[in-house]
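Here's a quick tour of a fold, written for someone at the bench. Have the model open and click along as you read.

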Amino acid sequence: MQKTYVIGDIHGGFKALIQVLERAGVSSSDTLIFLGDYVDGWSQPVEVVDFLINLSNKQPCYFIQGNHEELLLQWLKNQKDNPLWRQHGGESSIKAYQDASDATRQKHIKFFENLQPYYLDEQKRLFVHAGFSNLKGVDYEYFTNFFWWDRTLWELALATDKQLSVSESAYPARLKIYHEIFIGHTPTTHFGETVPMNRQNVWNIDTGAAFDGKLTIMDVNSKQLWQSDCLQDLYPDEKGRNTG
């Protein structure tokens with residue numbers, strides 16, 4: 001039986017990516033939806049992107065744009081430096097890509113340039129890295145980079161009263177548009193959770209792989225999930241995006 005999986009923010013954790021695919025028993029007939037932030041954090045962003053490119057030749061894959069891809073692409077194409085980006089994981093990507101061949105860099109630039117801003121399936125399930133702001137939905141978003149930078153959608157889901165009915169006028173308009181919304185971008189570990197969080201119809205799949213958390217893959221239909229080991233255990237000599 002074909003399945004559809006959604007995968008949270010990888011942040012250069014190639015070992016974790018391999019673990020979750022194996023633990024979930026993913027087959028070549030399954031569809032994989034990656035929520036972005038493939039780079040910046042751990043030391044293997046090149047291996048992650050190479051693997052994803054090859055994977056897309058073997059099975060159905062959707063690759064969503066993350067904010068860290070935007071920042072890395074600016075550096076790869078124009079050598080645009082950003083001290084804040086370096087501090088939040090970019091330094092590891094710079095080191096990795098300095099050792100990559102020009103052919104690899106060009107192949108990865110093409111991959112980053114072709115990432116999707118979001119994916120909307122036939123069941124009105126939206127997959128987007130961060131969120132959106134327009135009250136009519138993603139097709140009406142004026143600032144497209146909100147798709148990989150916005151946090152207000154998740155904040156709205158968290159703030160909405162669980163007892164409030166969708167039919168009530170006070171229920172947020174943005175949360176009525178889609179059947180379900182799957183996001184990453186804001187680690188659930190920031191809220192003391194080590195697994196995906198569900199608020200209203202929003203599922204946050206970023207379980208802090210960039211920091212002390214784990215990478216998560218989840219069956220979109222059943223909501224069964226599998227996780228990697230803690231990234232700090234997989235990369236004991238590195239800090240990831242931990243700055244302390």
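One open sheet here has five strands in the order β4-β5-β6-β8-β7, with mixed pairing; strands pair if DSSP finds at least two bridges between them. Its edge strands, each pairing on one side only, are β4 (119–120) and β7 (197–199). Helices and strands are DSSP runs numbered from the N terminus, helices being H or I with at least four residues and strands E with at least two.

Keep in mind that this is a predicted model, where local features need pLDDT of at least 70 and side-chain atom pairs count only at pLDDT 80 or more, while totals for chains, interfaces and linings use all residues. Residues are numbered from 1 along each chain as its sequence is written, and side-chain values use heavy atoms, with hydrogens and water left out.

**The sheet from β4 to β7**

- Start at the β4 edge: β4 and strand β5 (residues 125–127) run antiparallel and are joined by two bridges. L120 has L126 of β5 as its bridge partner.
- Helix α7 (residues 152–159) packs on this sheet and touches β6 (180–183), β7 and β8 (202–204). Contact here means heavy atoms within 4.5 Å. The direction of α7 makes about 70 degrees with that of β7; such angles run from 0 to 180 degrees between N-to-C directions, with axes fitted as lines to C-alpha atoms, for helices over the stretch in contact.
- Moving inward, β5 pairs with β6 in the parallel sense over three bridges, and R125 has E180 as its partner in β6.
- β6 also pairs with β8, again parallel and over three bridges. There, F182 is matched with W203 of β8.
- Which way do the residues of β6 point? E180 and F182 go one way, I181 and I183 go the other, and all are buried. "Buried" is under 20% relative accessible area, "exposed" is over 50%, and "partly exposed" is in between (1.4 Å probe, protein chains only).

**The sheet from β3 to β10**

- This is an open sheet of five strands with mixed pairing, in the order β3-β2-β1-β9-β10. At its edges sit β3 (61–63) and β10 (225–227), each pairing on one side only.
- On average, neighbouring strands are turned by 15 degrees against each other, direction ignored.
- Strand β2 (residues 31–34) pairs with β3 in the parallel sense over three bridges. I33 finds its bridge partner in Y62 of β3.
- Helix α1 packs on this sheet, touching β1 (4–7), β2, β9 (216–219) and β10, and its direction makes about 140 degrees with that of β10.
- On its other side, β2 runs parallel to β1, joined by four bridges; T4 has T31 of β2 as its partner.
- Both faces of β2 are covered: T31 and I33 on one side and L32 and F34 on the other are all buried.

**Helix packing**

- Helix α1 (residues 14–24) packs with helix α2 (residues 45–55) at an angle of about 40 degrees, and their axes are 8 Å apart.
- F14, L17, I18 and L21 of α1 meet E47, V48, F51 and L52 of α2.
- By class, this contact has seven nonpolar residues, no polar ones and one charged. (Nonpolar covers Ala, Val, Leu, Ile, Met, Phe, Trp, Tyr, Cys and Pro; charged covers Asp, Glu, Lys and Arg; the others, Gly among them, are polar.)

**Nonpolar cores**

- The largest nonpolar core has 43 residues, and F34, Y38, Y97, F111 and F112 have the most contacts inside it. A core is a set of buried Ala, Val, Leu, Ile, Met, Phe, Trp, Tyr and Cys residues joined through side-chain atoms within 4.5 Å.
- Another core, of 19 residues, lies apart from it; Y118, F132, A157 and L164 are among its members.
- Leaving out residues up to four places away in sequence, Y97 touches P45, V46, V49, L72, W75, L76, R105, H108 and F112.

**Two loop residues to click on**

- T188 is in the loop between β6 and β7. Buried or exposed? T188 counts as buried because its relative accessibility is 0%.
- Beyond its neighbours within four places in sequence, T188 contacts several residues, including E193, M197, N204 and D206.
- A170 sits in the loop between α7 and β6, and counts as exposed because its relative accessibility is 56%.
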